[in-house]
Amino acid sequence: MNMAGSMNRGTSITLHDNGTLNVPENPVLVFIEGDGIGPDISRAAAKVFDAGVHKAYDGKRQVQWQEALAGEKAFAETGQWLPEETLDMLRQYVVGIKGPLTTPVGGGIRSLNVTLRQVLDLYACVRPVRYFKGVPAPVRFPEKVDMVVFRENTEDVYAGIEWPAGSPEANQLASYIKEHLNKEIRPDSAIGIKPMSKMASQRLVRRAIRHALDQGYQSVTLVHKGNIMKYTEGAFRQWGYELAETEFPEQTVSEAEVYEKYEGKTPQGRVVIKDRIADMMFQQALLRPDEYDVLAMPNLNGDYLSDALAAQVGGLGMAPGANIGDQVAVFEATHGTAPKYAGQDKVNPSSLILSGAMMFDYIGWREVGNLIRTSLEATVSAGVVTYDLARQMSDAQEVKCSEFADAIVEHM
Ligand code: NAP
């Protein structure tokens with residue numbers, strides 16, 4: 001990643017009619033450096049990405065990095081926190097990666113991350129969770145966790161449709177509901193609305209099933225609270241099964257069918273579609289994690305479960321993520337800007353580095369993704385780690401952010 005110059009001599013990734021990517025040998029990938037610790041971790045990640053591509057393809061393939069501005073750097077240079085040019089670049093080049101961004105206080109923007117998701121319709125928040133040998137983890141068998149969470153990003157109680165208690169809107173709504181729908185709401189209630197559509201639920205489940213098929217996972221689990229919220233979460237479950245049946249009839253099989261038709265044995269090559277109630281899923285994640293692969297779920301369940309799973313394998317500092325839509329995908333560090341460490345070359349760049357590995361998988365350069373993951377694991381299991389892991393380990397060699405990246409490159 002040429003942070004300084006970002007000369008653009010590459011070719012755009014484009015989309016085929018069926019939504020799959022057409023990736024040239026020299027794709028342009030967009031990067032947003034990020035605020036706070038963003039420049040430190042971006043520099044470290046850049047070294048690892050470029051070394052990984054070079055090692056895997058020996059110059060036959062090469063990334064042309066194109067910097068886009070967002071956050072404090074954008075504000076300083078353009079007076080805008082999220083310039084239109086940045087959104088256009090992401091639309092044009094289809095795939096990008098970003099460091100963490102400060103949420104401007106009083107800037108009229110709820111959060112730059114939320115704005116990016118909304119404007120580019122990045123409807124699937126994707127969080128792979130697996131254990132890396134050597135990372136201190138709070139459970140006995142963290143290596144049994146290998147799951148990918150697909151969390152719906154645009155609906156549910158997170159849609160931001162709510163009114164404070166005592167407001168004219170809440171009162172009006174409560175009266176309407178009483179008068180026309182015969183349901184009682186206490187007079188001092190705040191009211192939030194939980195919209196969940198068939199379209200948004202199904203496009204999320206579709207992406208989760210495609211991922212399971214592409215990556216050779218055995219199951220997709222729909223995680224919901226449909227036992228209580230029948231018409232929203234219950235419908236999510238129902239729409240998920242329907243989609244699998246209509247769009248992937250040859251490639252999937254429901255868990256019920258496995259028992260009813262196939263004597264409990266999954267037919268060769270099929271992905272099993274099952275569902276679990278969310279509270280039960282938290283237990284299953286701890287007790288029987290090896291029975292779960294891809295998880296698809298509405299916004300709120302996904303928020304809780306993805307952080308809980310990340311904690312199970314050693315914490316959010318190592319957790320990669322992406323927000324993906326039908327046109328654009330943005331890969332990102334899942335932690336914040338940790339401003340107290342900015343510029344100290346101290347923090348752990350793993351979240352951004354592993355998000356980059358996901359990005360290479362996404363564009364079909366799996367050799368690079370795998371190389372990054374295995375060499376990062378080799379580094380950590382050799383006890384070479386940044387301060388955050390070192391303080392939890394007894395015999396670690398604590399290194400700086402940039403030195404950690406160098407060690408990963410050496411392990412390639
Ligand atoms: P944070 O930046 O994630 O930092 C909280 C703590 O987590 C840090 O003090 C540090 O813990 C640890 N940490 C975070 N990143 C780390 C790394 N790479 N390596 C090692 N340790 C790391 O959360 P915050 O302080 O609540 O938020 C700060 C700013 O970030 C806010 O402006 C917020 O809006 C923004 N934010 C952005 C994003 C995003 O862009 N995706 C996400 C979350 C928050 P110790 O102090 O224990 O060492």
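Biologist: Which residues of strand 10 point one way and which the other way?
Modeller: Ser-219, Thr-221 and Val-223 go one way, Val-220, Leu-222 and His-224 go the other way, and all are buried. Buried here is under 20% relative accessible area, exposed is over 50%, and partly exposed is in between, with a 1.4 Å probe and protein chains only. Strands (E, at least two residues) and helices (H or I, at least four) are DSSP runs, numbered from the N terminus.

Biologist: Before I go on, what sort of model is this?
Modeller: A predicted one: local features need pLDDT of at least 70, side-chain atom pairs count only at pLDDT 80 or more, and totals for chains, interfaces and linings use all residues. Residues are numbered from 1 along each chain as its sequence is written, and side-chain values use heavy atoms, with hydrogens and water left out.

Biologist: What does the pLDDT average?
Modeller: The protein averages 94, and 97% of the residues score at least 70. The weak spot to mention is residues 3–7, where pLDDT is below 50 and the stretch has 11 contacts in the model beyond near neighbours in sequence. pLDDT is the predictor's confidence in each residue, from 0 to 100, and a contact means heavy atoms within 4.5 Å. Where pLDDT is low, the predicted coordinates should not be read in detail.

Biologist: Back to strand 10. How many of its residues are buried, and how does it pair with strand 12?
Modeller: Six of its six residues are buried, so to speak of it as mostly covered is fair. It pairs with strand 12 (residues 271–277) in the parallel sense over six bridges, and Thr-221 has Lys-274 as its bridge partner there. Two strands count as paired if DSSP finds at least two bridges between them.

Biologist: And what joins strand 10 to strand 13?
Modeller: Three bridges, with the strands running parallel; strand 13 covers residues 294–297. Thr-221 turns up here too, opposite Leu-295.

Biologist: What is the strand order in the sheet?
Modeller: It's an open sheet of 11 strands, 4-3-5-15-14-6-7-13-10-12-11, with mixed pairing. Strand 4 and strand 11 (252–254) are the edges; each has a single partner strand, so one side of each has no neighbour in the sheet. The twist averages 25 degrees from one strand to the next.

Biologist: How do strands 6 and 14 pair?
Modeller: Strand 6 (residues 124–130) and strand 14 (residues 320–324) are antiparallel, over three bridges. Cys-125 has Asn-323 in strand 14 as its bridge partner.

Biologist: Which strands does helix 6 lie across?
Modeller: Helix 6 (residues 198–215) lies across strands 6, 7 (146–152), 10, 11, 12, 13 and 14, and runs at about 160 degrees to strand 7. Helix 10 (residues 299–312) also packs on the sheet, touching strands 6, 7, 10 and 13, and its direction makes about 155 degrees with that of strand 7. For those angles, axes are lines fitted to C-alpha atoms, for helices over the stretch in contact, and the angles run from 0 to 180 degrees between N-to-C directions.

Biologist: Changing topic: how many salt bridges are there?
Modeller: 25, taking a salt bridge as a side-chain nitrogen of Lys or Arg within 4 Å of a carboxyl oxygen of Asp or Glu. One of them joins Glu-25 and Arg-61, 3.4 Å from N to O. Glu-25 sits in the loop between strand 2 (21–22) and strand 3 (28–32), and Arg-61 in the loop between helix 1 and strand 4 (64–67), so the pair ties together parts 36 residues apart in sequence.

Biologist: Are those two buried or partly exposed?
Modeller: Glu-25 is partly exposed at 43% relative accessibility, and Arg-61 is partly exposed too, with 23%.

Biologist: What about Glu-332 and Lys-98?
Modeller: They form a salt bridge, the closest N and O atoms being 2.9 Å apart. Glu-332 lies in strand 15 (residues 329–333) and Lys-98 in strand 5 (residues 95–98), so this pair ties together parts 234 residues apart in sequence. Glu-332 is buried at 9% relative accessibility, and Lys-98 is buried at 2%.

Biologist: Which residues are linked in a network of salt bridges?
Modeller: Glu-33, Glu-67 and Lys-73.

Biologist: Last one: where is Asp-361, and what does it touch?
Modeller: Asp-361 is in helix 11 (residues 350–362) and is buried, at 13% relative accessibility. Leaving out residues up to four places away in sequence, Asp-361 touches Arg-366, Gly-369 and Arg-373.
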